[in-house]
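This report looks at charged pairs and nonpolar packing in one protein model. Please keep the sequence and the structure in view while reading.

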Amino acid sequence: MKKVNLLSILLLLFIIGCMGKGEGLDKNEFLESFETSLKSQGIEMRQVEPSSNAVIESVVPYQFNIKENGGNEDAIFIYFFKSSSQVENAVKNAEYTITTLTKVTEYKRDNMLVVHYAFDGFTEKYGSKMKKAMGMN
C-alpha cells in the first residue's frame, strides 16, 4: 500500500512539474534560432526599439527590421505571451490601422506570435522563410 501511495505522489509531482512547460517557447532560444535561420536564408535582420503602438495585450514585442537582396525593409514583431490562449486573444483583439500591410494570423506557434508588417503591401514575400525559421515546415 505504501508503494502505491508513494508512486501516486511521485506521478502527481511529475505531472504538476510538467504542466505549463510545453506551453511556451524559450524566448532567447527561439530568437537565436529564428535569427540564425533567416540569416542563413539570405535575409538581413537588425533589432530595433519597438514603437509604443506595437504593444498587444500589454505585451511589448521584440522588433526587427528585415530585408532581402538590398530591398526595402519590412518590420517583424515577435510577441511572447504566457500561453497559447493569450496568443489567440491577442490575434482576435489586434487592431492595426493598415491591416492589408500586416500578416497577423499567419505566424503563430505555442505562446508566440510573429507579425510581419510589409511597408510595400507584399506580405507573402518572406512566407516560406519565416515558417521555416519558426519550425513550421
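In this predicted model, Glu-73 is partly exposed, with a relative accessible area of 27%, and Arg-46, with which Glu-73 forms a salt bridge, is likewise partly exposed at 43%. The closest N and O atoms of Arg-46 and Glu-73 are 3.1 Å apart. Because Arg-46 belongs to strand β1 (residues 43-48) while Glu-73 sits in the loop between β2 (62-68) and β3 (74-80), the pair ties together parts that are 27 residues apart in sequence.

Glu-88 and Lys-108 form another salt bridge, with 3.2 Å between the closest N and O atoms. Here Glu-88 comes from helix α3 (residues 84-93) and Lys-108 from strand β4 (residues 102-109), so this pair ties together parts that are 20 residues apart in sequence. Glu-88 is partly exposed, with a relative accessible area of 37%, and Lys-108 is partly exposed too, with a value of 27%.

A salt bridge within one helix is found between Glu-35 and Lys-39, both of which lie in helix α2 (residues 27-40), 4 residues apart, about one turn of the helix. Glu-35 has a relative accessible area of 27% and Lys-39 one of 45%, and each counts as partly exposed because its value falls between 20% and 50%.

The three pairs are set side by side below.

| Pair | Closest N and O atoms |
|---|---|
| Glu-35 and Lys-39 | 2.9 Å |
| Arg-46 and Glu-73 | 3.1 Å |
| Glu-88 and Lys-108 | 3.2 Å |

The structure holds 6 salt bridges, and Asp-74, Asp-120 and Lys-125 are linked in a network of such bridges.

Turning to the nonpolar residues, the largest nonpolar core has 18 residues, and those with the most contacts inside it are Phe-34, Leu-38, Ile-76, Ile-78, Val-114 and Met-130. At least two residues of this core are supplied by each of α2, β1, β2, β3, β5 (112-117) and α4 (127-133), with α2 giving the most, namely 4 residues. Helix α2 thus recurs here, having already been named as the element that holds both Glu-35 and Lys-39.

Ile-78 can be followed further: leaving aside its neighbours within four places in sequence, Ile-78 is in contact with Phe-30, Leu-31, Phe-34, Pro-61, Tyr-62, Phe-64, Met-112, Leu-113 and Val-114. A second, separate core has 13 residues, among them Val-59, Ala-75, Tyr-79 and Ala-90.

How values were computed: Residues numbered from 1 in each chain as written. Predicted model: local features only at pLDDT ≥ 70, side-chain atom pairs only at ≥ 80, totals over all residues. Heavy atoms only, no water. Salt bridge = Lys/Arg side-chain N within 4 Å of Asp/Glu carboxyl O. Buried < 20%, exposed > 50% of the residue type's maximum accessible area, 1.4 Å probe, protein only. Core = buried A, V, L, I, M, F, W, Y, C linked by side-chain atoms within 4.5 Å. Contact = heavy atoms within 4.5 Å.
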